[in-house]
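Student: I'd like a close look at one small part of this model, and then a walk outward from there. Could you keep it all in one go?

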Amino acid sequence: MRTAPTEQPSTQRTDRATTPTGVAATTPLSALGQVPWSEIRDSTGPASAIPQLLRSVARADADTARAALEDLRTRICQYGFVVEQATAATVPFLWELAQLPHVTCRAQIIQLLKNIADARQWESVAAVYPKLLNHRENPVVWERRARQAVRARRGALRTLLAEQDREITRASGELADALAD
């Protein structure tokens, strides 16, 4: 199956103006419908399940949200690899969820963002096997776009580093360190 380009989804702005309390002024994840999920791929095939997984992370009880996040991790950044083009399109929504106080697995979302920011496995493989860069389905490009998507929202770290929750501030500090490189 041929995959669709991800330029628009990976640069799509999903951050919203916030109220004085820092809560999003619009409905969380309202831009999900602007991404052509069925035209891009995750590790399982068409990425059409990603919006529901993101909604589950946003609205479900702690156990369900954590399970949805683990499924999402498998689809976009398994074993530290950016596994498909859907990763870059998913990153802005992960940033959005990480900033919502009611989301129960915010620290784990931030850790996933750090894993994506650290991902350089495909670049390492391409350094040894440059022919990888000539394939139509170029995983090095997916990896770079995903890292760029994480960097594009790093301004949110100021708020996350000021959180009262130590687990969130620790994960945010690790992400800030990863982005400082």
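Student: What is the relative accessible area of Glu-174?

Tutor: Glu-174 has a relative accessible area of 31%, so it counts as partly exposed. On this scale buried means under 20%, exposed means over 50%, and partly exposed is whatever lies in between, using a 1.4 Å probe and protein chains only. Before going on, a word on the ground rules: this is a predicted model, where local features need pLDDT of at least 70 and side-chain atom pairs count only at pLDDT 80 or more, while totals for chains, interfaces and linings use all residues. Residues are numbered from 1 along each chain as its sequence is written, and side-chain values use heavy atoms, with hydrogens and water left out.

Back to your residue. Glu-174 has a salt-bridge partner in Arg-170, with 3.0 Å between the closest N and O atoms; the criterion is a side-chain nitrogen of Lys or Arg within 4 Å of a carboxyl oxygen of Asp or Glu. Why do these two line up? They sit four residues apart in helix α9 (residues 166–180), which puts about one helical turn between them. Helices here are DSSP runs of H or I with at least four residues, strands are E runs of at least two, and both are numbered from the N terminus. Arg-170 is partly exposed too, at 39%.

Elsewhere, salt bridges with shared partners tie Asp-42, Asp-71 and Arg-75 into one network. Within it, Arg-75 and Asp-71 pair at 3.1 Å, N to O. Those two are four residues apart in helix α3, so about one helical turn separates them. Their cover is not alike: Arg-75 is buried at 13%, whereas Asp-71 is partly exposed at 31%. Helix α3 holds another such pair, Arg-73 with Glu-70, at 3.7 Å from N to O. The spacing in that pair is three residues, again about one helical turn. Arg-73 is buried at 16%, while Glu-70 is partly exposed at 42%. Over the whole structure the search turns up seven salt bridges.

Now for the inside. Helix α2 (residues 50–59) is mostly covered, with seven of its ten residues buried. Among them are Leu-53, Leu-54 and Val-57. The buried residues of α2 pack against β1 (41–42), α3 (62–76), α4 (86–98) and α5 (106–118). Take Ile-50 in this helix: at 0% relative accessibility, it counts as buried. If you skip neighbours within four places in sequence, Ile-50 is in contact with Trp-37, Asp-42, Leu-72, Ile-76, Ala-86 and Thr-90, where contact means heavy atoms within 4.5 Å. One member of the salt-bridge network, Asp-42, is therefore also on the contact list of Ile-50. Further along α2, Ser-56 is buried at 18% and touches Ala-65 and Ala-68, with residues up to four places away left out.

Trp-37 deserves a second look. Its C-alpha atom is 7.5 Å from that of Ile-50, with the two positions 13 residues apart along the chain. The structure holds one aromatic pair, and Trp-37 forms it with Phe-93: the pair is tilted, 6.0 Å centre to centre with 50 degrees between the planes. For the cut-offs, rings of Phe, Tyr and Trp (its six-membered ring) pair if their centres lie within 6.5 Å; planes under 30 degrees apart are stacked, over 60 edge-to-face, and the rest tilted. The pair links distant parts of the chain, 56 residues apart: Trp-37 is in the loop between α1 (7–11) and β1, and Phe-93 is in helix α4. Trp-37 and Phe-93 are both buried.

As for the cysteines, Cys-77 is buried at 2% and Cys-105 at 0%. The search finds zero disulfides, a disulfide being a pair of cysteine sulfur atoms within 2.5 Å.

Zooming out, the chain comes to nine helices and two strands. Buried residues make up 46% of its 181 residues. Of the contacts with a separation of 6 or more, 67% join residues 24 or more positions apart. The chain exposes about 9000 Å², and carbon and sulfur atoms supply 50% of that; areas come from the Shrake-Rupley method with a 1.4 Å probe, and for residues only the protein chains shown count as cover.
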